[in-house]
Amino acid sequence: LAQGLKVSPAPPPPERPGASGLPLQRSAVCNMSAAPQLIWECVRKNNAFIRKSRNMPTMSAEPGNLLGLSSSKFSGIAAAKVLDISSKKTGDKETIILTSSHKKGSRLQRPGSRLLTTGLKKQAKKGLAQVDKIVDAGFYRRDLLAIAKTKYDKVRASFKKKKVVVKSRRAPK
């Protein structure tokens, strides 16, 4: 310093984002998710849920797949709106569950909270009315309404157990 060298002051620290009082804006890339067609092209040949066997169509075990077929129409991974009807057993009690996508777009980014499950009534008239209300009246995947009703009937019929008839050996013939 004695020989005439000047020391410049340190530059001011960079400003924190949002310190000026203006709201933070995220980039558009951060808010957008990939198109369902692009996701389907990525996962259609290889994913953890595919079940292949000879002389059979390629099946899929993903949650939210209504028919279990590996198809973009029924896919629970690639479709923006998911629909599925399945059974759930807790202890001795069996229930019918309707699975659908969350209505909020932000939840589609989070795998844990992406799908919503709704319990359906076991009484045929009331259960079909619930499916009608959610799918048809709610304008949610109306193309799958007939298939959803058929699957509801099949899941409901699967709850009926065959009665075992025990014949007594002592009874006269």
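In the predicted model, strands β3 (residues 83-90) and β4 (residues 93-101) pair in the antiparallel sense, with eight bridges between them. The two strands form a hairpin in which two residues separate β3 from β4. Gly91 lies in the turn and has a positive phi of about 70 degrees. Within the pairing, Asp84 is placed opposite Thr99 of β4.

Both strands of the hairpin also contribute to the largest nonpolar core, which has 16 residues. The members that touch the most other members are Leu83, Ile85, Ile96, Leu98, Leu120, Val131 and Ala148. Two or more residues of this core come from each of β3, β4, α3 (124-137) and α4 (145-158). Helix α4 supplies the largest share, with four residues. The surroundings of Ile85 illustrate the packing. Leaving out residues up to four places away in sequence, Ile85 touches Leu66, Ile96, Ile97, Leu98, Leu120, Val131, Ala148, Lys151, Tyr152 and Val155.

Strand β2 (59-60) precedes a loop that leads to β3, and Glu62 is located in this loop. Glu62 is buried but takes part in no salt bridge. Arg114 is the nearest side chain of opposite charge, at 8.0 Å from Glu62; a salt bridge requires a nitrogen-to-oxygen distance within 4 Å. The side chain of Glu62 instead makes a polar contact of 3.1 Å with the side chain of Ser75. Apart from residues up to four places away in sequence, the residues touched by Glu62 are Phe49, Phe74, Ser75, Gly76 and Ile77.

Met59 is part of strand β2. This residue is partly exposed, with a relative accessible area of 29%. The C-alpha atoms of Met59 and Leu69 are 4.4 Å apart, although the two residues are separated by ten places in sequence. Leu69 is also among the contacts of Met59 outside its neighbours within four places in sequence; the others are Phe49, Ile50, Arg51, Leu67, Gly68 and Ser70. Phe49 is therefore listed for Met59 and also for Glu62, by the criterion of heavy atoms within 4.5 Å.

Side chains of opposite charge can pair when their charged atoms come close. The model contains five salt bridges. One of them joins Asp132 and Lys149, with a nitrogen-to-oxygen distance of 3.4 Å. Asp132 belongs to helix α3 and Lys149 to helix α4, so this pair ties together parts that are 17 residues apart in sequence. Asp132 has a relative accessible area of 27% and is partly exposed. Lys149 is likewise partly exposed, at 27% relative accessibility. Helices α3 and α4 are thus linked by this charged pair, and both helices also give residues to the largest nonpolar core.

A further salt bridge is formed by the side chains of Asp136 and Arg142, at 3.0 Å from N to O. Asp136 is partly exposed, with 29% relative accessibility, and Arg142 is partly exposed at 46%. Glu41 and Arg44 also form a salt bridge, their closest N and O atoms lying 3.4 Å apart. In this pair, Glu41 is partly exposed with a relative accessible area of 49%, and Arg44 is partly exposed at 36% relative accessibility.

Conventions
Residues numbered from 1 in each chain as written. Predicted model: local features only at pLDDT ≥ 70, side-chain atom pairs only at ≥ 80, totals over all residues. Heavy atoms only, no water. Pairing = 2+ DSSP bridges. Buried < 20%, exposed > 50% of the residue type's maximum accessible area, 1.4 Å probe, protein only. Lys, Arg positive; Asp, Glu negative; His and termini not counted. Polar contact = N/O pair within 3.5 Å; in protein donor to acceptor, adjacent residues only side chain to side chain. Core = buried A, V, L, I, M, F, W, Y, C linked by side-chain atoms within 4.5 Å.
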